[in-house]
Amino acid sequence: MAPGQKYGHLSAMGPEFAPFKPISDAFAAKLWDRPLKHTRAMLKMPLPFPDFVPKADEFQITERTVPVRDGTEIGIKIYSSKAKGKADAGGAVLFYVMHGGGWVVGSHGIEEVMNRYVARDNGAVVVSVDYRLAPEFRYPYAVNDSFDVLLWCKNNAKELGINSERIIVGGSSAGGNLAAVMALKARNEKITGIIGQILNIPATCHPDFYPAEKYELGSWEQNKDASGLSGMRMQYFWDQYTPEPTREEYASPLLAKSLEGLPPALIQVAGLDPLRDEALAYADALQAAGVQVTVQVYPGLPHGFGAMMMLETASKRYQSANVNWIRYITDSIASSKL
């Protein structure tokens, strides 16, 4: 098989997305054809959700700030279900979320749908962190902010109503990158309690350092003009985040010297995404290191499809995969304690 062809079939546009591609392209053009401050403002605007998304009144939602290592107060958003269950027992799983947006744009709202599903259907306490953004705050600010807030959550488990030894880290795109890094950093610094990682459509390696001799990399070319995220836009994000990139595992987790001992992972992958092949490469690398990995691939769908509410079938499947995997991990741990 020729290089770049192993996963090329996944780029064939899916029938559910095809009718909406013009809408997606028009929105992307409107989003990026303006100064960065306006793009950020647009992405913070609240959007109406369809009926199948859990309603805000089903949750206790709190926003507050917590301090990080340089004294800055970082915003967090806490979701907990109003339904009686694990959360009321003060021992709920913490789902700790880092949002997508290329480390450059985005806030809590990027992962709002996923956060609501997990809080409601898993009885988890969800904490979303509003880490500081590049280019004003370049690597490693996002990593350090996210890790410091994670430690704050562990240290304030009673206040949050969580079990500090039952934490799942998660995110999408740049947030998936940060979630993978949180798992790595916690292992390296001997921080206990990370029982799983959800890496949705993740960026796992700077393109300058991608080990193409070991892993497939056709998606950057095959999907260079894709909706949702183009290759040019992803390169822009990397340039803002790491303008002078180096081979650091906390920027490019695929380059980590060892992935052994990391917690189980769910990796969701979009076929029509420049990041497709590096997500699959990270899944292969984790599995080679003995890590339990569940991979869910969505052929013909673009980066960020899980937040495209017009793609009801695909979006529901994506959200259900998160919920079901968390349930599987927590049930497995509970069974092992019997």
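Mentor: Before we start, one term: two strands count as paired if DSSP finds at least two bridges between them. And keep in mind that what you're looking at is a predicted model.

Trainee: Okay, let's use that. Which residue in strand 4 does Met98 stand opposite?

Mentor: Start with the strands: strand 3 covers residues 92-98 and strand 4 covers residues 125-130. They pair in the parallel sense over 5 bridges, which clears the cut-off of at least two. The residue in strand 4 that stands opposite Met98 is Val129.

Trainee: Zooming out, what is the order of the strands in the open sheet?

Mentor: The sheet has 8 strands, and its pairing is mixed. From one strand to the next, the twist averages 20°. Read across, the order is 1-2-4-3-5-6-7-8.

Trainee: Which strands stand at the edges?

Mentor: Look for strands with a single partner strand, so that one side of each is left without a neighbour in the sheet. Two strands fit that, at 59-67 and 293-302. They are strand 1 and strand 8.

Trainee: Let's go to strand 6. How many of its residues are buried?

Mentor: Strand 6 takes in residues 194-200, and it's mostly covered. Take Gly196, which is found in strand 6: it counts as buried because its relative accessible area is 0%, and the cut-off is under 20%. For the strand, the count is 7 of 7.

Trainee: Through which helix does the chain cross from strand 5 to strand 6?

Mentor: Strand 5 (residues 162-172) runs parallel to strand 6, with 6 bridges joining them. Gly171 stands opposite Leu199 there. The β-α-β crossover between these strands is right-handed, and the chain makes it through helix 6.

Trainee: On the other side, what is the bridge partner of Asn200 in strand 7?

Mentor: Strand 7 is residues 265-272, and strand 6 pairs with it in the parallel sense over 4 bridges. In strand 7, the bridge partner of Asn200 is Gln268.

Trainee: And how many bridges does strand 7 share with strand 8?

Mentor: One of the bridge partnerships is Ile267 with Val295 in strand 8. The chain gets from strand 7 to strand 8 through helix 9 (residues 276-288), in a right-handed β-α-β crossover. The two strands pair in the parallel sense, and the number of bridges is 7.

Trainee: Pocket time. Which helix gives the largest share of the lining of the largest pocket?

Mentor: About 1,400 Å³ of space lies in that pocket, and its lining of 43 residues has Phe27, Leu43, Leu47, Ile110 and Ala307 nearest the centre. By class, the lining splits into 25 nonpolar, 13 polar and 5 charged residues. Helices 1, 2, 3, 8 and 10 each supply at least two lining residues. The largest share, 6 residues, comes from helix 1.

Trainee: Is Phe27 buried, partly exposed or exposed?

Mentor: Phe27 is found in helix 1. Buried means under 20% and exposed means over 50%. Phe27 has 46% relative accessibility, so it counts as partly exposed.

Trainee: What volume does the second largest pocket have?

Mentor: Its lining includes Asp25, Trp32, Asp225 and Arg233. Helix 1 and helix 8 each give two or more of the lining residues, with helix 1 giving the largest share, 4 residues. By class there are 6 nonpolar, 3 polar and 3 charged residues. The volume is about 240 Å³.

Trainee: Any odd backbone spots? Where is Pro140?

Mentor: Most peptide bonds are trans. The one from Tyr139 to Pro140 is cis, with omega near 15°, and the one from Ala134 to Pro135 is also cis, with omega near 5°. Pro140 lies in the loop between strand 4 and helix 4.

Trainee: What is the phi of Trp103 near?

Mentor: Most residues other than glycine have a negative phi. Trp103, in the loop between strand 3 and helix 3, is buried at 0% relative accessible area. Its phi is a positive value, near 65°.

Technical notes:
Residues are numbered from 1 along each chain as its sequence is written. This is a predicted model: local features need pLDDT of at least 70, side-chain atom pairs count only at pLDDT 80 or more; totals for chains, interfaces and linings use all residues. Side-chain values use heavy atoms; hydrogens and water are left out. Buried means under 20% relative accessible area, exposed over 50%, partly exposed in between (1.4 Å probe, protein chains only). A crossover is right-handed if, with the strands pointing away from the viewer, the path from the first strand over the helix to the second runs clockwise. On a 1 Å grid over the protein atoms alone, a cavity is a set of points where a 1.4 Å probe fits but cannot get out, and a pocket is an open set with protein on both sides within 12 Å along at least five of seven lines; lining residues have an atom within 4 Å of a point. Grid points are joined across faces, edges and corners, and a volume is the space filled by probe spheres set on the points. Ala, Val, Leu, Ile, Met, Phe, Trp, Tyr, Cys and Pro count as nonpolar, Asp, Glu, Lys and Arg as charged, and the others, Gly among them, as polar. Axes are lines fitted to C-alpha atoms, for helices over the stretch in contact, and angles run from 0 to 180 degrees between N-to-C directions.
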